Amino acid sequence: MSLNELLHYLRLGGVTLALLLIASVVALGVAIERLIALWGVSERSRNLGETVHKHLLRGDVAAARTASERSDAVVADIFLAGFDRMERVRLSGGGVESAVERERAQVGLKLRRNLWILATIGSITPFVGLFGTVAGIMRSFKDLGLDVEAGGTGGTATVMTGISEALVATAVGILVAVQAMVFYNYFQARLSRVLVELRLLGDEFVELLKERPSPPAPAAPTPEPAARSDASHA
């Protein structure tokens, strides 16, 4: 298709085709934003998980918390929620599971941000394209009626040309929907794997937090020997 033909179809498509092109650009923008946001999420989370687990195996909770605070991995928020809960209860980890699970759910919502836009574009753009096609066909038959009223032959050539041009809106709508749904399904599959990894890291974190070695008990102070009375001053 030449540039002139493309511009011709864009001009005939009008507002409908412009909306479809905007939707395509938005879908591409969301896909790029999510790709950047999810880049390296699993690797950074695994690296932080290994570091925190090593510290907890040694019973060094302070070092594990410091590593979580300094990390930009998404799993760091999950670990910090567990540490905060543990410090509040001051027991053997009671309530840590629920705190970790709540934070994991919030992290999942953050990772899924803007994916609804892709789903919406994928579901409505075929209907937008169909609307443009129906409007184009109505316009073609209107032009046919005007041609007959003006003394024309009412041949089908003009109508078929108009209908073929109107069908471009449906074709573009389907292409935009396919584009959006491919992006959406890709990110859904990737996020499913990431969330499973976060769940496994969180479960192992809770287990190690409960089973961490207890800190050594402080040594009891040795009593001072009682002062003996000096017999010489008796």
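**Notebook: salt bridges, ring pairs and surface patches**

Glu69 and Arg65 sit four residues apart in helix H3 (residues 61-70), so about one helical turn separates them. I looked up this pair in what is a predicted model, and I found that the two side chains meet in a salt bridge with an N to O distance of 3.0 Å. I then checked how far each partner is covered: Glu69 is partly exposed at a relative accessible area of 48%, whereas Arg65, at 19%, is buried. I note that the value for Arg65 passes because the cut-off for buried is under 20%.

**Overall layout**

I stepped back to the whole protein, in which I count seven helices and zero strands, giving the pattern α-α-α-α-α-α-α along the sequence. Of the 234 residues, 34% are buried.

**Other salt bridges**

My search of the whole structure returned eight salt bridges, and I followed Glu101 through two of them. With Arg104, Glu101 forms a salt bridge whose closest N and O atoms are 2.9 Å apart; the two residues are three apart in helix H5 (residues 96-111), so they too are separated by about one helical turn. Glu101 is partly exposed at 33% relative accessibility, while Arg104 counts as buried at 12%.

The other partner of Glu101 that I recorded is Arg199, with the closest N and O atoms 3.7 Å apart. This pair links distant parts of the chain, since Glu101 lies in helix H5 and Arg199 in helix H7, 98 residues apart. Arg199 is partly exposed, with a relative accessible area of 37%. I also noted a network in which salt bridges with shared partners join Glu33, Arg34 and Arg113.

**Aromatic rings**

Which kind of aromatic pair do Phe83 and Phe205 make? I first searched the whole structure for aromatic pairs and found three. For Phe83 and Phe205, the ring centres are 5.1 Å apart and the planes stand at 85°, so the pair is edge-to-face, given that angles over 60 degrees are classed that way. Phe83 belongs to helix H4 (residues 75-89) and Phe205 to helix H7 (residues 156-211), so the pair ties together parts of the chain that are 122 residues apart in sequence. Phe83 is buried at 0% relative accessibility, and Phe205 is likewise buried, with a relative accessible area of 0%.

I next looked at Tyr186 and Phe187, an edge-to-face pair with 5.1 Å from centre to centre and 65° between the planes. Here Tyr186 is partly exposed at 42% relative accessibility, but Phe187 is buried at 2%. Returning to Phe83 and Phe205, I saw that ring pairs link them with Phe79 into a cluster.

**Surface patches and one close approach**

On the surface I found a patch of negative charge where Asp203, Glu204, Glu207 and Glu211 gather. I picked out Glu207, which is placed in helix H7 and is partly exposed, with a relative accessible area of 47%.

A nonpolar surface patch of about 370 Å² is made by Val15, Leu19, Ile22 and Val26, and of these I checked Leu19, which lies in helix H1. Ala18 is also found in helix H1 (residues 3-37) and is partly exposed at 36% relative accessibility. Lastly, I looked up the separation of the C-alpha atoms of Ala18 and Ala169, which is 9.8 Å for residues that are 151 apart along the chain.

Terms used. Residues numbered from 1 in each chain as written. Predicted model: local features only at pLDDT ≥ 70, side-chain atom pairs only at ≥ 80, totals over all residues. Heavy atoms only, no water. Phe/Tyr/Trp six-rings, centres within 6.5 Å; stacked < 30°, edge-to-face > 60°. Buried < 20%, exposed > 50% of the residue type's maximum accessible area, 1.4 Å probe, protein only. Patch = residues over 30% accessible without salt bridge, like charges linked within 9 Å, V, L, I, M, F, W, Y side chains within 5 Å. Areas by Shrake-Rupley, 256 points an atom, 1.4 Å probe, with all protein chains shown as cover. Salt bridge = Lys/Arg side-chain N within 4 Å of Asp/Glu carboxyl O. Lys, Arg positive; Asp, Glu negative; His and termini not counted. Charge placed at Lys NZ, Arg CZ, Asp CG, Glu CD.
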